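Colleague: I'd like to learn how to read a model like this one, feature by feature. Could you walk me through it?

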Amino acid sequence: AHSKIEGKNLEKIMLEFIENKFDILLSTTIIESGLDVSNANTMFINNAHHFGLSDLHQMRGRVGRSNKKAFCYFITPPLNSISDDSRKRIKAIEAYSNLIASIEKVEINENFKEGSWVGAGEPMLYISGKMSSLVDLETLFLQKLGPPCVAAYNAYNMCIDMRSTKFIAMDARHCAGSEMSDLMSYGASVGSEKARRKVGAKGFIGCAADATAHFFGKEKGIGSMPHALIGYAGSTLNAAKIFHETFPNEPITILIDYFGKEITDGLEVCRHFKNLLRGNSLALRLDTHGGRYVEGLDVPESYAVLERRASQALRGYRTDNELKNLIGSGVSAASVWYLREKLDQEGFDDVKITCSSGFGPEKCRVFSLASTPVDVIGTGSFLPDSWSDTYATADIIEYNGRPLVKVGREFLQKSKK
C-alpha cells in the first residue's frame, strides 16, 4: 500500500487485508493515516530511525486496536551507528512506553480525512478515554495540530498558484529541531497532494533533507550544489566541474549568483556542459540577495522585461510588496524572465531555471500573475508566518457519557443526527 496507488485499487487492497485474504501488508507511512484494522496485531517498522516521534507513534497505533495483545518492532542499525537525533527518538519511545501504552487505550474518532478543509470552530476529532489517560493529551495534540495545518494550507495555495512549477521543501533550517521539521514537511506533503488532486499541480517533488524525504515518496533529499563549493572552487564553472565529477550520473543545478554575474556565469556553465542539455539534466539556480539586482537589470530594465513578456502583470493597481516581487531587486519575476531571455537567445532553451529566496504564498501568487517561467522553486516559506495563526484548542464535552461543556462552547458537542 502506498500513495501512488489509484484510490479504488488501494481500497480493494485494504479491504482484502481486513477480510484476511492475505496475512502481510507491505506499506509506506500511508498506513498511519487512521484506518483501523482490528485483526492486525504485529507491525515491523523498517529503518525506524528515519522517522520522527509523531510518525512512530501514529504507525505503532495501527496495531492493537482490539482486545488482542499487539507488538510493534522498530528495526534500526546498531544505536551507536545512527545519528544522535535518531537515537534520542528511539530512546524517547522507550522512556515513555508507559505513557504511550495509556494513549493506545484512548479512542480517537477523526471527523475529516487528511487534506480536507476544516472550517473555523469545527471539531477536527473526538478523543475518548480515562481522565488519567487524557490529562496530558491536550498539550501533546495541540502542539502537533495547528502548525502542520497552516503549513499544508500555505503549500496548497503555492502549488495551486504555480501549478506548472515543481517545489522542493527547504524548511529544515527554519525548524527548531527534527520533530518540527517532521511536522512541517508532513504539512507540505499534504497540501501538495491536495493541489495535485485539485488542479493537476506538479507540487512538491521532494525536500532538501534525507530525514524527511519519505514524506514526499523519496529515499534521499534533493537540491543544488552549495554556495560554499563555489567559494572553495574560486569560480562558478570550477565548482560545477567538481560537482559533476563527484556526481556524474546526477542532474546538476548550478548556483549562479555567488559573484553577482548571474548571466555571465550562467552562460559560461551552459557552454561547458552542452552535453547535458539533451537529457534536461542542467539547471541554473537564482538565489540573488535582495540588496541588489541580477546582473544587467535595474528598475527601468525590469519594467521593460515585463512589458515584453508579461505586460498584464503591470496593469492595474499593485502594492509595494507586489511591485518588489515583480520588478524589485533580488529574485523577481523580471529577473527570471531576463535570465530566460538570455538563455534562449544563446540556444539554451532546454536549460531549466530553479529559484529560491522567500517564496511564500504571496510571492508565488505574484509570480503567477507574470506567468514567470520557473521550473523549480526551493522554499521553506510555507511555514507559518505568524505563530498565533497556529493556535488550536480542546475542551471536555462529555463526562461518563453525559454531555457537558462550558458555556459558549456548546457548538463543539457531537451532533445528535
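**Reading helices and loops**

Modeller: Let's start with a helix and its surroundings. The buried residues of α14 are covered by, among others, α6 (137-161), β5 (166-169), α12, α13 (333-345) and β10 (376-379). Keep in mind that this is a predicted model.

Colleague: Which residues of α14 are buried?

Modeller: Lys363, Cys364, Val366 and Phe367 are the buried ones in α14. They sit on the same side of α14, because the arc they cover around the axis is only 165°.

Colleague: And how do I describe the way two helices pack?

Modeller: Two packed helices are described by the angle between their axes and the distance between the axes. Here, α12 (residues 320-327) packs against α14 (residues 361-369) at an angle of about 60°, and their axes are 9 Å apart. The crossing of α12 and α14 is right-handed.

Colleague: Which residues of α12 and α14 meet there?

Modeller: From α12 you have Asn321, Glu322, Asn325 and Leu326, and from α14 they meet Glu362, Lys363, Arg365, Val366 and Phe367. By class, the residues of this contact between α12 and α14 divide into four charged, three nonpolar and two polar.

Colleague: Let me step back for a moment. What does the chain look like overall?

Modeller: The chain has 417 residues, of which 41% count as buried. There are 14 helices and twelve strands. The C-alpha trace spans about 70 × 50 × 40 Å along its principal axes. For contacts, take those with a separation of 6 or more: residues 24 or more positions apart account for 65% of them.

Colleague: Back to helices, then. What are the buried residues of α11, and what covers them?

Modeller: In α11 (residues 299-309), Ser302, Val305 and Leu306 are the buried residues. Their arc around the axis is only 90°, so they lie on the same side of α11. Their cover includes α12 and α13.

Colleague: What caps the N-terminal end of α11?

Modeller: Asp298 does: one of its side-chain oxygens lies 2.9 Å from the backbone nitrogen of Glu301.

Colleague: What about α10, which residues are buried there?

Modeller: For α10 (residues 262-272) the list is Glu262, Ile263, Asp265, Gly266, Leu267, Val269 and Cys270. The buried residues of α10 pack against α9 (236-246), β7 (252-255), β8 (282-286) and α13.

Colleague: Let's try a single side chain. Is Ser86 buried or exposed?

Modeller: Buried means under 20% relative accessible area. Ser86 has 6% relative accessibility, so Ser86 counts as buried. Ser86 belongs to helix α3 (residues 84-95). A polar atom of the Ser86 side chain lies 2.9 Å from the backbone oxygen of His49.

Colleague: Now the backbone. Where do I find a positive phi at a residue that is not a glycine?

Modeller: Take Ser357 and Ser371. Ser357 is not a glycine, yet has a positive phi of about 115°. Ser357 falls in the loop between β9 (352-356) and α14, and Ser357 counts as partly exposed, at 31% relative accessibility. Ser371, not a glycine either, has a positive phi of about 45°. Ser371 comes just after α14, in the loop between α14 and β10. With 47% relative accessibility, Ser371 counts as partly exposed.

Colleague: Two more loop residues, please. Where is Gly200, and what does Gly200 touch?

Modeller: Gly200 is in the loop between α7 (178-199) and β6 (203-207). Exposed means over 50% relative accessible area, and Gly200, at 54%, is exposed. Leaving out residues up to four places away in sequence, Gly200 touches Arg163 and Ala195. Ser164 is 36 residues from Gly200 along the chain, and their C-alpha atoms are separated by 8.6 Å.

Colleague: And where does Val118 sit?

Modeller: Val118 is in the loop between β3 (107-110) and β4 (125-128). Val118 is partly exposed, with a relative accessible area of 34%. Not counting neighbours within four places in sequence, Val118 is in contact with Phe112 and Met124. Val118 and Cys149 are 31 residues apart along the chain, and their C-alpha atoms are separated by 9.6 Å.

Methods
Residues are numbered from 1 along each chain as its sequence is written. This is a predicted model: local features need pLDDT of at least 70, side-chain atom pairs count only at pLDDT 80 or more; totals for chains, interfaces and linings use all residues. Side-chain values use heavy atoms; hydrogens and water are left out. Axes are lines fitted to C-alpha atoms, for helices over the stretch in contact, and angles run from 0 to 180 degrees between N-to-C directions. Helices (H or I, at least four residues) and strands (E, at least two) are DSSP runs, numbered from the N terminus. A crossing is left-handed if the near helix is turned anticlockwise from the far one by less than a right angle, and right-handed if clockwise. Contact means heavy atoms within 4.5 Å. Ala, Val, Leu, Ile, Met, Phe, Trp, Tyr, Cys and Pro count as nonpolar, Asp, Glu, Lys and Arg as charged, and the others, Gly among them, as polar. Buried means under 20% relative accessible area, exposed over 50%, partly exposed in between (1.4 Å probe, protein chains only). The arc is that of the directions from the helix axis to the C-beta atoms. A polar contact is a pair of N or O atoms within 3.5 Å; within protein, one must be able to donate a hydrogen and the other to accept it, and residues adjacent in sequence count only if both atoms are side-chain atoms.
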